[in-house]
Amino acid sequence: MFVSNISFQVDPAIEAVWLNWIKQEFIPSCLATNCFEKHQLYQLDLASDQPPTYTLQLFSTAAAQLAEFQEKYAETLLSSIPAQWGEQCFHFNTSMKIVN
């Protein structure tokens, strides 16, 4: 299993609206690429003085699917984050392979 992991730090002032956007718009757009079979959205358990932090994991069964996402779709989808939220949402992404 191969995973595209996108981590987000969100300004607390926009957290509720951002959470709705990620669930209603961003995740469905990622899944519409047909590069992923499933996803999971997590909230990190951090100290109360830390900004809300989330990670989205998108799972594919083949490395080729993940490569297709990165080559064809990632730039457009990831650029929608600062376009929508500016400096209120910092993100970075990594690719992983499940080994157990």
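The following paragraphs describe the strand pairing, the nonpolar core and selected side-chain contacts of a predicted model.

Residues are numbered from 1 along each chain as its sequence is written, and side-chain values rest on heavy atoms, with hydrogens and water left out. Because the model is predicted, local features require pLDDT of at least 70 and side-chain atom pairs count only at pLDDT 80 or more, whereas totals for chains, interfaces and linings use all residues.

Helices and strands are taken as DSSP runs numbered from the N terminus (H or I over at least four residues for helices, E over at least two for strands). Strand β3 is joined to β1 by eight bridges in an antiparallel arrangement, and to strand β2 (residues 38-43) by six bridges, again antiparallel; strands are regarded as paired if DSSP finds at least two bridges between them. Within these pairings, Ser7 stands opposite Thr55 of β3, and Gln43 stands opposite Tyr54 of β3. Strand β1 also pairs with strand β4 (residues 89-97) in the antiparallel sense over nine bridges, where Asn5 faces Thr94 of β4.

Eight of the eight residues of β3 are buried, so this strand is largely enclosed by the rest of the structure; here buried denotes a relative accessible area under 20%, exposed over 50% and partly exposed in between, with a 1.4 Å probe and protein chains only. In a regular strand the side chains alternate between the two faces of the sheet. In β3, Thr53, Thr55, Gln57 and Phe59 point one way, while Tyr54, Leu56, Leu58 and Ser60 point the other way. Strand β1 is mostly covered, with eight of its nine residues buried.

The largest nonpolar core, a set of buried Ala, Val, Leu, Ile, Met, Phe, Trp, Tyr and Cys residues joined through side-chain atoms within 4.5 Å, has 24 residues, of which Phe8, Trp18, Phe26 and Ile81 touch the most other members. At least two residues of this core are supplied by each of β1 (2-10), α1 (15-31), β3 (53-60) and α2 (63-85), and the largest share, seven residues, comes from α2.

Trp18 is buried, with a relative accessible area of 0%, and, when residues up to four places away in sequence are not counted, it touches Phe8, Val10, Tyr54, Trp85 and Cys89, contact being defined as heavy atoms within 4.5 Å. The structure holds seven aromatic pairs, in which rings of Phe, Tyr and Trp (its six-membered ring) have centres within 6.5 Å and count as stacked with planes under 30 degrees apart, edge-to-face over 60 and tilted for the rest. Trp18 and Tyr54 form a tilted pair, at 5.0 Å centre to centre with 45° between the planes. Since Trp18 lies in helix α1 and Tyr54 in strand β3, this pair ties together parts that are 36 residues apart in sequence. Tyr54 is likewise buried, with a relative accessible area of 4%, and ring pairs link Phe8, Trp18, Trp21, Phe26, Tyr54 and Trp85 into a cluster.

Polar contacts are illustrated by Gln65 of helix α2, which is buried with a relative accessible area of 17%. Its side chain is joined to that of Glu37 by a polar contact of 2.9 Å, that is, a pair of N or O atoms within 3.5 Å of which, within protein, one must be able to donate a hydrogen and the other to accept it, residues adjacent in sequence counting only if both atoms are side-chain atoms. The side chain of Gln65 also reaches the backbone nitrogen of Thr61 at 3.1 Å.
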